[in-house]
Amino acid sequence: MTRRSRLLTTATAGVTAALLLAGCGGGDGDKSDSNSKIAGADTGASASASASPSASASAAESGRPKIELPSDLSYTFEWPKTGNDVKDAVLADSEQNIKSVDLAIANQDPLDKAYRYYFEGEAAAQIQTYVQAYVKAKARTTGHFRYYDPVVDVSGSDQASLVYCEDQGKAYDLYLKTKKVNKTSVTKDSYVLYSTQLHKNDKGVWAVEKLMSVRGSSKCQP
């Protein structure tokens, strides 16, 4: 079993769901840092031990799913407010979409309503496949995830992109039947660069339409 790898992109096959459970046959996909289309992720940010106030407020808005995760899962989002209302909304919704995937895994539900609130189209299909692999393996995520160096670009009133880094150094798989946590060593591949394309839907949510990632990216190394 290898460390958590969310969604990886290969140059020839487009975006595929890749599980951190090597035994499930997903493997780690293309871990190279060769994808030159992913740019940014080079701005600093102050640390935050939990979700930002904007994310908490966003989740509390009417109609949004409540995301309650296992107590052994925690997050640090080092992307404070930018001062731009649209960019801050993109960041707030992105915190929630990240957590919604872990909620689906914890619930062992490939059609969990929380992630389907934040992902649409191609991205939602990827997440469904990704969660299904965890369900098949009877496993879920545990530990701590850190997100940092966000770069938000907004185009018009309803289109945006977000590039950010993830530190998986303290994140692992937990097998539900045995309660065994597979702890692995921290390597350069513990750091992942993500790129998402989002649009503001008719609910006012910045939903992810497309996403890709590069494991071991030089842009995310400590």
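In the predicted model, Lys 183 occupies the loop that connects strand 6 with strand 7, the latter spanning residues 191-200. Its relative accessibility is 63%, and because the threshold for exposure is over 50%, Lys 183 counts as exposed. Although 14 residues separate Lys 183 from Gly 169 along the sequence, the C-alpha atoms of the two residues lie 9.5 Å apart in space.

Two further lysines in loops of the chain are notable for their backbone geometry. Most residues other than glycine have a negative phi. Lys 179, which is not a glycine, nevertheless has a positive phi of about 65°, and this residue is placed in the loop between strand 5 (159-175) and strand 6 (181-182). With a relative accessibility of 59%, Lys 179 is classed as exposed. Lys 138, likewise not a glycine, takes a positive phi of about 55°; it is located in the loop between helix 4 (121-137) and strand 4 (139-155), and at 51% relative accessibility it also counts as exposed.

Strand 4 itself contains Arg 140, a residue whose relative accessibility is 13%; since burial requires a value under 20%, Arg 140 counts as buried. The side chain of Arg 140 forms a polar contact with the side chain of Asp 72, at a distance of 2.9 Å. When neighbours within four places in sequence are set aside, the residues in contact with Arg 140 are Pro 70, Asp 72, Ile 105, Ala 106, Tyr 134, Tyr 172, Asp 173, Leu 174 and Leu 176. Among these contacts, Ile 105 and Ala 106 fall within the range of helix 2, residues 85-107, whereas Tyr 134 falls within the range of helix 4, residues 121-137, and Tyr 172, Asp 173 and Leu 174 fall within the range of strand 5, residues 159-175.

Helix 2, which covers residues 85-107, also carries Asn 97. The relative accessibility of Asn 97 is 5%, and this residue is therefore counted as buried. Apart from neighbours within four places in sequence, Asn 97 is in contact with Tyr 118, Phe 119 and Val 208, of which Val 208 falls within the range of strand 8, residues 206-215.

Strand 8 is mostly covered, as eight of its ten residues are buried. Strand 8 runs antiparallel to strand 7, and nine bridges join the two; within this pairing, Ser 195 has Met 212 of strand 8 as its bridge partner. Five residues lie between the strands of this hairpin, in which Gly 204 adopts a positive phi near 80°.

At the level of the whole chain, four helices and eight strands are assigned, and from the N terminus onward these elements follow the order β-β-α-β-α-α-α-β-β-β-β-β. The chain comprises 222 residues, of which 49% count as buried. Among contacts in the chain with a separation of 6 or more, 70% are accounted for by residues 24 or more positions apart. The area exposed by the chain is about 10,000 Å², and carbon and sulfur atoms supply 49% of this area.

How values were computed. Residues are numbered from 1 along each chain as its sequence is written. Side-chain values use heavy atoms; hydrogens and water are left out. Buried means under 20% relative accessible area, exposed over 50%, partly exposed in between (1.4 Å probe, protein chains only). Contact means heavy atoms within 4.5 Å. Accessible areas come from the Shrake-Rupley method with a 1.4 Å probe; for residues, only the protein chains shown count as cover. A polar contact is a pair of N or O atoms within 3.5 Å; within protein, one must be able to donate a hydrogen and the other to accept it, and residues adjacent in sequence count only if both atoms are side-chain atoms. Two strands pair if DSSP finds at least two bridges between them.
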